[in-house]
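Q: Please take a close look at the surroundings of the ligand in this model. Describe what encloses the ligand, and how that part connects with the rest of the chain.

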Amino acid sequence: MKKIIIIGGGVAGLGAAYKVRRAAAAGHDVDCVLVERNDRLGGKLATDIVTDPDGGEYIVDGGSDAFVSTKPAVARIARMLGMGDAMVPAREENKKTLIVRGGSLVELPDGIMMFAPTKLVPLATTRLYSWPAKFRMALDLVLPRTVRWAEGETAQDHDETLEHFVVRRMGRESLDRLAEPLVGGVHASDPREMSLAATFPNFLEMEQEFGSLIRGFLAERKKREAMRKKHPPKPGAKPWAFFNTFYRGMQQLTDGMAEAVGRERIIVGASVTAIARDGDAWRVTLDDGRTLAGDAVIVATEAWAAEPLARQVDGAIADLLAAIPCSSSATVPMAFRSADFPADTKWFGILSPIVENRPLLAVTLSSSKWPDRAPDGRVLLRGFIGGPRNQHLLEASDEEIIETIRAQIVDLLGMGPDVQPVFASVYRWAGGMPQYTLGHLDRVDEIERLSAGVRAFALAGGAYRGVGIPNCIESGERAVTKVLGDLGVTYEEDTAPRRPGQ
Ligand SMILES: Cc1cc2nc3c(=O)[nH]c(=O)nc-3n(C[C@H](O)[C@H](O)[C@H](O)COP(=O)(O)OP(=O)(O)OC[C@H]3O[C@@H](n4cnc5c(N)ncnc54)[C@H](O)[C@@H]3O)c2cc1C
């Protein structure tokens with residue numbers, strides 16, 4: 001029996017453990033044990049069910065609240081777990097984004113794809129940009145590429161920061177008013193440092209293929225519209241949405257994975273303090289004094305938590321892990337009485353650009369974006385605070401952070417200044433978001449090259465090739481393939497996406 005020790009019970013670690021169990025079910029003589037520092041499994045997937053004083057419940061996601069449907073890993077795992085029906089699409093009928101401009105809210109104009117306009121009239125009439133900015137954005141249609149990639153080159157060979165790219169193609173205001181809060185916001189990243197090759201290589205690829213971002217997104221829009229015409233939704237089928245969640249919140253996914261792994265294989269509330277080779281095997285030490293013996297180790301923690309463990313294996317890997325910075329943030333779920341809230345709740349969220357200089361990054365109106373998030377007569381939202389330029393705000397107490405967000409919400413939505421939430425809480429994510437800075441992919445290539453040389457050892461998680469939940473699951477699965485291969489076990493799975501009914 002080959003035993004894999006997995007460190008970290010986030011979605012990557014659980015993704016790894018679940019794959020080991022599938023390999024065992026397929027007849028391989030393998031097993032695993034997973035160690036998680038916190039009492040709760042799931043890492044950045046953390047759902048609480050909160051009861052309203054007047055009855056009814058809120059489904060509160062303190063970390064991730066969604067997964068994208070364009071990457072198949074979550075749906076694949078959910079179906080394997082028998083949880084296909086638990087996936088819930090966002091309520092597209094409420095899909096509207098509001099952006100703070102000069103202290104008031106402006107609706108994101110129709111036809112904007114990421115930050116590129118693809119429809120003329122909404123661009124011409126929006127208050128989001130000044131007229132000079134609109135003309136500057138249109139220049140993207142005629143500005144030449146600065147370089148032509150040679151045959152075989154990729155975005156990684158021509159990495160660029162988000163700021164450099166957007167300002168070069170569409171001007172400063174396009175960055176400040178939308179690309180920064182929207183694109184930088186996904187990674188809670190500073191556009192001055194964020195690597196495009198590691199986050200949105202498609203922008204760089206579009207410039208190469210179409211010579212213009214607007215033309216690239218126009219082509220993508222046409223492709224999507226043609227697909228929608230060719231494959232109209234089947235009557236009675238769940239509507240398609242880009243963002244999806246689970247009926248009982250995102251933690252339903254990691255809870256389902258943990259059940260499938262078997263709770264008897266999972267240790268919670270214990271931190272791994274050391275990993276060491278023991279002949280051909282590994283010895284893992286926990287902070288409660290226990291040691292575990294295994295044939296392979298997968299470290300599926302944040303990069304900063306992996307670094308001291310990796311240092312005991314290979315100093316060069318640890319140095320590279322130390323070069324992956326991270327930013328901290330907090331989410332602040334908050335519920336209001338509908339009577340105290342503006343009547344128009346047909347929107348998904350608010351983005352607050354850094355140039356607005358507010359202590360708020362974004363707001364999601366959870367009870368409009370998802371069904372059944374709040375009891376009747378209540379709205380549930382969550383504020384987002386922190387990010388690369390506002391780390392100091394997180395030094396405040398929970399009470400102060402709640403008051404900061406409350407004051408921002410009532411101001412932006414024009415509610416009475418004294419309106420109080422029915423409940424509010426704070427989820428802090430210290431060092432929770434890895435920052436993919438310029439050259440990130442080169443560093444990850446090197447980490448993987450060095451790890452390949454360490455027998456039965458692998459790293460996994462959101463710090464490497466994508467922070468999104470599907471990426472993290474795949475990263476855990478790749479780590480299993482690597483260590484099983486080192487142990488002489490070949491276990492392949494068909495991970496091709498299935499069309500409904502297949
Ligand atoms: C606020 C927030 C909102 C997000 N929203 C979304 C979203 O809507 N959609 C999306 O796709 N992505 C989102 N992300 C990103 C995504 O949630 C993460 O990238 C992903 O969950 C990371 O999973 P992971 O398993 O790699 O790491 P983690 O979830 O960080 O898990 C690592 C685990 O390792 C444990 N650990 C660390 N050190 C040790 C040790 N020494 N011993 C034992 N255990 C240890 C930690 O306690 C932790 O539980 C969000 C991230 C944040 C912070």
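A: In this predicted model, the ligand is surrounded by 36 residues, and the closest are Gly8, Gly10, Gly43, Gly461 and Gly462. Several elements give two or more residues to this shell: the helices α1 (11-25) and α16 (469-486), and the strands β2 (30-36), β17 (326-337) and β22 (427-434). Sorted by class, the shell holds 15 nonpolar, 16 polar and 5 charged residues.

The domain assignment helps to place the ligand. It gives domain 1 (2-42 + 252-324 + 436-486), domain 2 (47-94 + 326-434) and domain 3 (112-145 + 160-230). Domain 1 and domain 2 both give residues to the shell around the ligand, so the ligand lies between these two domains.

The C-alpha centres of domain 1 and domain 2 are 30 Å apart. Their contact takes 19 residues from domain 1 and 16 residues from domain 2. On the domain 1 side, α10 (251-261), α11 (303-311) and α16 each give two or more residues. The residues of that side divide into 12 nonpolar, 5 polar and 2 charged. Helix α16 thus appears in two lists, as it gives two or more residues to the shell around the ligand and two or more to the side of domain 1 that touches domain 2.

Next comes the packing. In soluble globular proteins, nonpolar side chains tend to be buried together. The largest nonpolar core here has 70 residues, of which Ile6, Ile7, Ala16, Val297 and Ile298 touch the most other members. Helix α1 gives the most to this core, with 8 residues, and α1 is also one of the elements that give two or more residues to the ligand shell. The core draws at least three residues from each of domain 1 and domain 2. Val297 shows how one member of the core is placed: beyond its neighbours within four places in sequence, Val297 is in contact with Ile5, Ile7, Ile275, Trp282, Val284, Ala456 and Phe457. Apart from this core lies another, of 66 residues, among them Leu98, Ala116, Leu162 and Phe341.

Ala456, one of the contacts of Val297, deserves a separate look. Most residues other than glycine have a negative phi. Ala456 has a positive phi of about 60° although it is not a glycine. Ala456 lies in the loop between α15 (440-452) and β23 (457-459), and with 22 C-beta neighbours inside 10 Å it counts as buried. Ala188 also has a positive phi, of about 45°. Ala188 is found in the loop between α6 (172-186) and α7 (196-199), and is buried, with 24 other C-beta atoms within 10 Å.

Finally, the chain as a whole. Its secondary structure comes to 16 helices and 23 strands. Of its 502 residues, 45% count as buried. Among contacts between residues at least 6 apart in sequence, 72% join residues at least 24 apart. The C-alpha trace spans about 70 × 65 × 50 Å along its principal axes. A compact globule of 502 residues would have a radius of gyration near 23 Å, and the chain agrees with this, at 23 Å.

Note on methods:
Residues numbered from 1 in each chain as written. Predicted model: local features only at pLDDT ≥ 70, side-chain atom pairs only at ≥ 80, totals over all residues. Near = placed C-beta within 6 Å. Helix = DSSP H or I, 4+ residues; strand = E, 2+ residues; numbered from the N terminus. Nonpolar A, V, L, I, M, F, W, Y, C, P; charged D, E, K, R; others polar. Domains from an automatic or database assignment. Rg over C-alpha atoms; globule rule 2.2 N^0.38 Å. Buried ≥ 20, exposed ≤ 12 C-beta atoms within 10 Å, placed from the backbone. Contact = placed C-beta atoms within 7 Å. Core = buried A, V, L, I, M, F, W, Y, C linked by C-beta atoms within 7 Å.
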